Amino acid sequence: GKTQFAFALLREMFRSCNYKLWPRYFTSPELDSRLLKASKSDDGDEYEIKNISSQDILFIDDLGRETKSDRLRRQYFEILNYRYTNQLPTILTSNLDLEHLAETLDGAISSRLQEWKILKFKDRDLRIAQ
């Protein structure tokens, strides 16, 4: 439901926007793997963080399912803080509320997310057969 809704939101943005926007989609575990690989390179993760941070639209699916580490907390803070500061469109889905995201990632991240529009889905999981 959440991911499907987010893609519908992106489709509507494409329909109503007067210029081309190029979204980047990552699952949170996929983004974690990408950032881990970048952090192990000789050049470090600075380029990858800047690249991800500056995308037209960033969609991170299942935030909170990634590895819990200081490295990842720093990387996610840098990405989300850049997007917050520059008011770039960002779509996040998660099964966690802000309190649990603060525990999982960082309080500084969840405090920024409090200012974003939050949609709560309280219906049943669409993947579970009735």
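In this predicted model, Asp61 is found in strand β2, which covers residues 57–61. Asp61 is a buried residue, yet it has no salt bridge. Which side chain of opposite charge is nearest to Asp61? That side chain is Lys2, and it is 6.9 Å away. A salt bridge requires a side-chain nitrogen of Lys or Arg within 4 Å of a carboxyl oxygen of Asp or Glu, so a distance of 6.9 Å does not qualify.

Asp61 nevertheless has polar partners. Its side chain makes a polar contact of 2.9 Å with the side chain of Tyr25, and a polar contact of 2.3 Å with the side chain of Thr93. Residues up to four places away in sequence being left aside, Asp61 touches Thr3, Tyr25, Phe26, Thr27, Ser28 and Thr93.

**Salt bridges**

How many salt bridges does a search of the whole structure find? The search finds seven. The table lists three of them, among them two that involve Arg74.

| Positive residue | Negative residue | Closest N to O distance |
|---|---|---|
| Arg34 | Glu48 | 2.4 Å |
| Arg74 | Asp45 | 2.5 Å |
| Arg74 | Glu78 | 2.8 Å |

Arg34 and Glu48 form a salt bridge. Because Arg34 lies in helix α2 (residues 28–39) and Glu48 in helix α3 (residues 46–53), this pair ties together parts that are 14 residues apart in sequence. Arg34 is partly exposed, its relative accessible area being 32%, whereas Glu48 is buried, with a relative accessible area of 13%.

Arg74 forms a salt bridge with Asp45. Arg74 belongs to helix α4 (residues 70–85) and Asp45 to the loop between α2 and α3, so the pair ties together parts that are 29 residues apart in sequence. Arg74 counts as partly exposed at 36% relative accessibility, while Asp45 is buried at a relative accessible area of 10%.

Arg74 also meets Glu78 in a salt bridge. These two residues are four residues apart in helix α4, and are therefore separated by about one helical turn. In general, an α-helix has 3.6 residues a turn, so residues three or four places apart point the same way. Glu78 is partly exposed, with 34% relative accessibility. Salt bridges that share partners join Asp45, Arg74 and Glu78 into one network.

**Helix α2**

The helix that holds Arg34 can be checked for its length. At 1.5 Å a residue, the 12 residues of α2 should span 16 Å, and the end C-alpha atoms are 16 Å apart, which agrees. Which residues of α2 are buried? They are Ser28, Leu31, Asp32, Leu35 and Ala38. Seen down the helix axis, the buried residues of α2 fall within an arc of 125°, so they line one face of the helix. These buried residues pack against β1 (23–27), α3, β2 and α4.

**Leu63 and its surroundings**

Leu63 is found in the loop between β2 and α4. Is Leu63 buried or exposed? At 2% relative accessibility, Leu63 counts as buried, because buried means under 20% relative accessible area. The C-alpha atoms of Leu63 and Ser94 are separated by 4.8 Å, although the two residues are 31 residues apart along the chain. Beyond its neighbours within four places in sequence, Leu63 is in contact with Ser28, Tyr76, Leu92, Thr93, Ser94, Leu96, Leu101, Leu105 and Leu113. Ser28 and Thr93 also appear among the residues that Asp61 touches.

Conventions
Residues are numbered from 1 along each chain as its sequence is written. This is a predicted model: local features need pLDDT of at least 70, side-chain atom pairs count only at pLDDT 80 or more; totals for chains, interfaces and linings use all residues. Side-chain values use heavy atoms; hydrogens and water are left out. Buried means under 20% relative accessible area, exposed over 50%, partly exposed in between (1.4 Å probe, protein chains only). Lys and Arg count as positive and Asp and Glu as negative; His and the chain ends are not counted. A polar contact is a pair of N or O atoms within 3.5 Å; within protein, one must be able to donate a hydrogen and the other to accept it, and residues adjacent in sequence count only if both atoms are side-chain atoms. Contact means heavy atoms within 4.5 Å. The expected span of a helix is 1.5 Å times one less than its number of residues. The arc is that of the directions from the helix axis to the C-beta atoms.
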